[in-house]
Amino acid sequence: MSYIYVVQMNIPAEHEAEFNRVYDTEHVPMLSQVPGVQKVSRYRLEKTNDPKMQKYLAIYEIDSPEIVDSPAWKEKGEWGDWVPKIRPHTTERHHSFFKKIP
């Protein structure tokens with residue numbers, strides 16, 4: 001694993017339960033099947049000194065940044081309820097890649 005792909009976002013409180021259900025039972029399992037994805041971990045913000053920090057964080061351990069542009073990522077990422085029911089409600093989405101320092 002040479003890279004992490006970090007995804008941060010917010011979701012309105014009224015959609016939070018469904019967001020977590022879909023993320024945990026559909027989105028993460030599907031994206032975990034993409035070749036080059038080694039591990040996926042999710043986090044919920046507990047404390048920060050940055051009032052603009054997003055509440056949710058997902059860290060994808062991946063072999064290369066190109067993985068998220070692959071047809072497999074697109075196919076798996078759009079499977080299920082994510083695109084029609086969840087993505088439209090997400091806000092302040094940020095996507096970043098970090099390379100591991102040897």
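How many aromatic pairs does a search of the whole structure find? The search finds eight of them. The model shown in these close-up views is a predicted one, and each legend below takes up one part of it.

**View 1. The largest nonpolar core is built from 22 residues.**
Good places to begin looking are Phe19, Tyr23, Tyr60 and Trp73, the residues with the most contacts inside this core. Several elements contribute to the core: β1 (3-10), α1 (16-31), β2 (37-44), β3 (56-62) and α3 (82-86) each provide at least two of its residues. Helix α1 gives the largest share, with five residues. As background, nonpolar side chains in soluble globular proteins tend to be buried together.

**View 2. Phenylalanine 19 and tyrosine 23 form an edge-to-face aromatic pair.**
Two values help you picture such an arrangement, since a pair of aromatic rings is described by the distance of the centres and the angle of the planes. For phenylalanine 19 and tyrosine 23, the centres are 5.4 Å apart and the planes are at 70 degrees. Why are these two residues separated by about one helical turn? Because they are four residues apart in helix α1. Both of them are buried. Now leave out the neighbours of phenylalanine 19 within four places in sequence: this residue is still in contact with Met9, Ile11, Arg42, Tyr56, Trp82, Ile86 and Thr90.

**View 3. Tyrosine 23 also forms an aromatic pair with tryptophan 82.**
This pair is edge-to-face too, with 5.0 Å from centre to centre and 80 degrees between the planes. Here the partners come from distant parts of the chain: tyrosine 23 is in helix α1 and tryptophan 82 is in helix α3, 59 residues apart. Is tyrosine 23 buried or exposed? Its relative accessibility is 3%, so tyrosine 23 counts as buried. Tryptophan 82 has a relative accessible area of 2%, so this residue is buried as well. Look also for arginine 42, whose charged end sits over the ring of tyrosine 23, 4.2 Å from the centre of that ring.

**View 4. Tyr5, Tyr60, Trp73 and Phe97 make up one aromatic cluster.**
You have already met two members of this cluster, Tyr60 and Trp73, among the residues with the most contacts inside the largest nonpolar core.

**View 5. The structure holds one cavity of 30 Å³ or more.**
The largest cavity contains about 30 Å³ of space. Which residues line it? The lining is made by Val7, Met9, Phe19, Tyr23, Arg42, Tyr56, Leu57 and Ala58. At least two of the lining residues come from each of β1, α1 and β3. Strand β3 has the largest share of this lining, three residues. Phe19 and Tyr23, the pair from View 2, are both part of the lining.

**View 6. The largest pocket offers about 220 Å³ of space.**
There are 15 residues lining this pocket, and those closest to its centre are His27, Trp73, Trp82, Arg87 and Arg93. At least two lining residues are supplied by each of β1, α1, α2 (71-77) and β4 (91-99). Take a moment with histidine 27, which lies in helix α1. With a relative accessible area of 7%, histidine 27 is buried. Setting aside residues up to four places away in sequence, histidine 27 touches Val22, Tyr60, Gly77 and Trp82.

**View 7. Tyrosine 3 lies in strand β1.**
Why does tyrosine 3 count as buried? The reason is a relative accessible area of 19%, because buried means under 20%. Apart from residues up to four places away in sequence, tyrosine 3 touches Tyr60, Glu61, Ile62, Asp63, Ser64, Pro65, Phe98 and Lys99. For a sense of scale, follow the chain to glutamate 78, which is 75 residues from tyrosine 3. The C-alpha atoms of these two residues are separated by 22 Å.

**View 8. Glutamate 92 has a positive phi of about 45 degrees.**
Most residues other than glycine have a negative phi. Glutamate 92 has its positive value although it is not a glycine. You can find glutamate 92 in strand β4. At 44% relative accessibility, this residue counts as partly exposed.

How values were computed:
Residues are numbered from 1 along each chain as its sequence is written. Side-chain values use heavy atoms; hydrogens and water are left out. A nonpolar core is a set of buried Ala, Val, Leu, Ile, Met, Phe, Trp, Tyr and Cys residues joined through side-chain atoms within 4.5 Å. Buried means under 20% relative accessible area, exposed over 50%, partly exposed in between (1.4 Å probe, protein chains only). Contact means heavy atoms within 4.5 Å. Rings of Phe, Tyr and Trp (its six-membered ring) pair if their centres lie within 6.5 Å; planes under 30 degrees apart count as stacked, over 60 as edge-to-face and the rest as tilted. A charge sits over a ring if NZ of Lys or CZ of Arg is within 6 Å of the ring centre and within 35 degrees of the ring normal. On a 1 Å grid over the protein atoms alone, a cavity is a set of points where a 1.4 Å probe fits but cannot get out, and a pocket is an open set with protein on both sides within 12 Å along at least five of seven lines; lining residues have an atom within 4 Å of a point. Grid points are joined across faces, edges and corners, and a volume is the space filled by probe spheres set on the points.
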